[in-house]
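Hi,

Here is the structure I said I would pass on. Have a look at it first, and then read on for what I found.

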Amino acid sequence: MSEIVVALAGNPNVGKSTIFNALTGLHQHVGNWPGKTVERKEGRLLLNGKTVTVVDLPGAYSLAARSLEEQIARDFIARGRPDLVVNVVDAANLERNLYLTAQLLETGVPLLLALNMTDIAASRGIVINPAALSAGLGVPVTLLAASRGEGISALKATMAEMLARLKSSKQMREVAA
Amino acid sequence: MKQTKHPIPLRFVDHGARAKLISIQSSQRIAHRLTELGFVPGVELSVLADSGSALMIALGDTRMALEYPLTQALLVAVLD
């Protein structure tokens, strides 16, 4: 049985690591990306009885890599082919964040949009309609306020659902081939 | 809201003043990167600090330090 890998991607300072910590708790391993002095954080999470490896990618504004961190994020998504990418976006700065989202969609990798910092956005009067966002982008959207621990269980549930669906479509393709 | 007549480089905007980004005058490569970072024509920004070689810019919730040459490339209209 092959390992299930989920990557967390997003702009710097959107709460990726907060979500990573909330998902993996103490089951973390910190190392370096091969040959690079950029920290690699990996953790394990139990979803519906299956162990999932969660990788916290370095923050990136774009996949057209300009910095080492962005190169690592891009290479992991493009070559590492994670089973699922959770794109963490800052609800209070949605416009800039969606640029990376558009690029992630173009790679064709299975994507889940985690709309974080909804508490800060709400305090500014920013109300986001997740259903409209999901319909527009064609990917599931979940709402979080990760610093308060809100929305983590909903995120896990959506991740489990997507991974189950991806697995069954993968098996169908294998049977067809 | 009144705007200055001619866009000026962000470099010459007073601290604390609000400005609207009009255009980016630089190579394609640099303009592309600035756009990725959120410097999209139409956004409002302000100068928070000047280190003597770089400016600290507020762009929404984001704070970014840009070296003088880059701040020269960003043409803005000062808002008051």
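Let's start with a term: a residue counts as buried if 20 or more other C-beta atoms lie within 10 Å of its own, exposed if 12 or fewer, and partly exposed in between, with the C-beta atoms placed from the backbone. By that rule, buried residues make up 24% of the 80 residues in chain B.

Some housekeeping before we go on. This is a predicted model, in which local features need pLDDT of at least 70 and side-chain atom pairs count only at pLDDT 80 or more, while totals for chains, interfaces and linings use all residues. Residues are numbered from 1 along each chain as its sequence is written, and chains are lettered from A and ligands numbered from 1 in the order in which they are written.

Now the overall build. Chain B has 2 helices and 6 strands (DSSP runs numbered from the N terminus: H or I of at least four residues for helices, E of at least two for strands). Along the sequence, they come as β-β-α-β-β-β-α-β. The C-alpha trace of chain B spans about 30 × 25 × 20 Å along its principal axes. Its radius of gyration is 11 Å, which agrees with the value near 12 Å for a compact globule of 80 residues (taken over C-alpha atoms; the globule rule is 2.2 Å times the number of residues to the power 0.38).

How are the 6 strands of chain B ordered in the sheet? The sheet is open and antiparallel, and the order is β1-β6-β2-β3-β4-β5. At the edges sit β1 (8-9) and β5 (62-67) of chain B, each pairing on one side only. Pairing here takes at least two bridges found by DSSP between two strands.

Strand β2 (residues 18-24) of chain B is a good one to trace. With β3 (residues 44-50) of chain B it shares 3 bridges, running antiparallel, and R18(B) stands opposite S46(B) there. With β6 (residues 74-79) of chain B, β2(B) has 6 bridges, also antiparallel, and L21(B) faces V76(B) across that pair. On to β1(B): 2 bridges join it to β6(B), with P9(B) opposite L75(B).

Finally, the contacts (C-beta atoms, placed from the backbone, within 7 Å). In chain B, 60% of the contacts with a separation of 6 or more are between residues 24 or more positions apart. Where the chains touch, 7 residues come from chain B and 7 from chain A.

Cheers

How values were computed:
Two residues are in contact if their C-beta atoms, placed from the backbone, lie within 7 Å.
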